[in-house]
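I opened this entry to work through one fold in order, beginning with a turn and moving outward to the sheet and then to the helices. My notes follow as I made them.

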Amino acid sequence: MKFTLNGKMVDANKASGDTPLLYVLRNDMQLNGPKYGCGLGQCGACAVLIDGKVARSCSVPLSVVQGKEVTTLEGLSPTATQQAQAGVAQEPQFKDMQDTSFAVKAPATAAPIKLHPVQQAFIDTQAAQCGYCVNGMIMSLTALFDKRPNASNDEIKKQLAHHLCRCGTHLEILDAAYRARTLIAQGHSVKAAAATVQAACEQPTCAKEQA
Ligand code: FES
Ligand code: FES
């Protein structure tokens with residue numbers, strides 16, 4: 001069963017066609033962004049994008065995504081390693097933060113990793129409590145803003161209406177959504193970084209890294 005996963009063709013040949021996509025993503029592809037919540041298509045924790053549309057991966061059989069493009073939380077922005085390889089941003093090196101005097105020093109050259117604006121907004125607003133629901137919130141908002149970058153408050157609330165947050169951080173999550181809309185309006189985009197990374201990842205060293 002072949003499909004495109006976060007921009008890369010994969011073959012989920014170990015799983016049968018009726019296996020929930022969520023199980024394949026988490027167990028076979030080691031992508032733990034999508035979460036198992038209810039397993040019944042009701043909470044939204046497992047959301048992914050399929051051909052750009054938000055879907056609940058616990059309720060989507062693997063056979064449905066054959067030949068399609070699946071994007072998970074991990075695919076919204078290039079990884080820190082990919083960004084560093086592409087020269088988009090530099091990841092702070094852990095070794096640079098180790099100091100025998102226990103003084104933590106960030107390297108002078110460190111630049112922030114470029115995240116998708118919706119991811120960045122959740123960090124800016126500290127919207128997560130336990131964070132379990134956040135994957136679904138981010139994926140759903142990403143699908144909305146891809147089509148409606150200037151979505152109204154009502155459209156945002158409607159988009160999130162069937163996503164459950166057991167911690168009750170709904171107001172903070174709405175703040176994050178409004179912040180994401182502002183970031184997008186200000187031109188914060190991960191697409192330029194992603195394009196640079198994609199070019200860099202055609203290099204043999206990066207392909208080896210991803211294998
Ligand atoms: S785990 Fe898929 S909707 Fe709840
Ligand atoms: S479920 Fe804990 S932050 Fe939403």
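I began at the turn between β3 and β4, which form a hairpin with two residues between them. In that turn I found D51 with a positive phi of about 50 degrees. I should record at once that the model I am reading is predicted.

Next I looked at how the two arms of this hairpin are joined, and I found that four bridges link β3 to β4, the two strands running antiparallel. Within this pairing, L49 stands opposite V54 in β4. On its other side, β3, which covers residues 47-50, is joined by two bridges to β5, residues 69-71, and this pair also runs antiparallel. Here L49 stands opposite T71 in β5, so I noted L49 twice, once for each partner strand.

I then asked myself which helix packs on the sheet and touches β3 and β4. The helix is α5, residues 134-147, and its direction makes about 30 degrees with that of β3.

The second hairpin I looked up is made by β1 and β2, again with two residues between the strands, and N6 in its turn has a positive phi of about 50 degrees. Four bridges join β1, residues 2-5, to β2, and the two run antiparallel. I followed K2 across this pairing and found that its bridge partner in β2 is D11.

With both hairpins written down, I turned to the sheet as a whole. I read an open sheet of five strands in the order β2-β1-β5-β3-β4, with mixed pairing. Why is one side of β2 and of β4 left without a neighbour in the sheet? β2 (8-11) and β4 (53-56) stand at the edges and each has a single partner strand, so one side of each stays unpaired within the sheet. On average, neighbouring strands of this sheet are turned by 40 degrees against each other, direction ignored.

For the wider setting I checked the totals, which give nine helices and five strands for the protein. From the N terminus on, the elements run β-β-α-β-β-β-α-α-α-α-α-α-α-α. Of the 211 residues, 36% count as buried. Among contacts with a separation of 6 or more, 63% come from residues 24 or more positions apart.

My last entries concern α4, residues 117-124, and its packing against α5. The axes of these two helices come within 9 Å and cross at roughly 135 degrees, and the two helices are therefore oblique to each other. I noted the crossing as right-handed. On the α4 side the meeting residues are V118, Q119 and F122, while α5 contributes V134, I138, L141, T142 and F145. Sorted by class, this contact has six nonpolar and two polar residues, and no charged ones.

I also asked whether α4 is mostly covered or mostly open, and found it mostly covered, with six of its eight residues buried. The buried residues are P117, V118, Q119, Q120, A121 and F122, and what covers them includes α5 and α7 (170-185). Just after α4, I marked Q126, which takes a positive phi of about 50 degrees.

Technical notes: Residues are numbered from 1 along each chain as its sequence is written. Chains are lettered from A and ligands numbered from 1 in the order in which they are written. This is a predicted model: local features need pLDDT of at least 70, side-chain atom pairs count only at pLDDT 80 or more; totals for chains, interfaces and linings use all residues. Two strands pair if DSSP finds at least two bridges between them. Axes are lines fitted to C-alpha atoms, for helices over the stretch in contact, and angles run from 0 to 180 degrees between N-to-C directions. Two residues are in contact if their C-beta atoms, placed from the backbone, lie within 7 Å. A residue is buried if 20 or more other C-beta atoms lie within 10 Å of its own, exposed if 12 or fewer, and partly exposed in between; C-beta atoms are placed from the backbone. Angles under 35 degrees count as roughly parallel, over 145 as roughly antiparallel, 65 to 115 as roughly perpendicular and the rest as oblique. A crossing is left-handed if the near helix is turned anticlockwise from the far one by less than a right angle, and right-handed if clockwise. Ala, Val, Leu, Ile, Met, Phe, Trp, Tyr, Cys and Pro count as nonpolar, Asp, Glu, Lys and Arg as charged, and the others, Gly among them, as polar.
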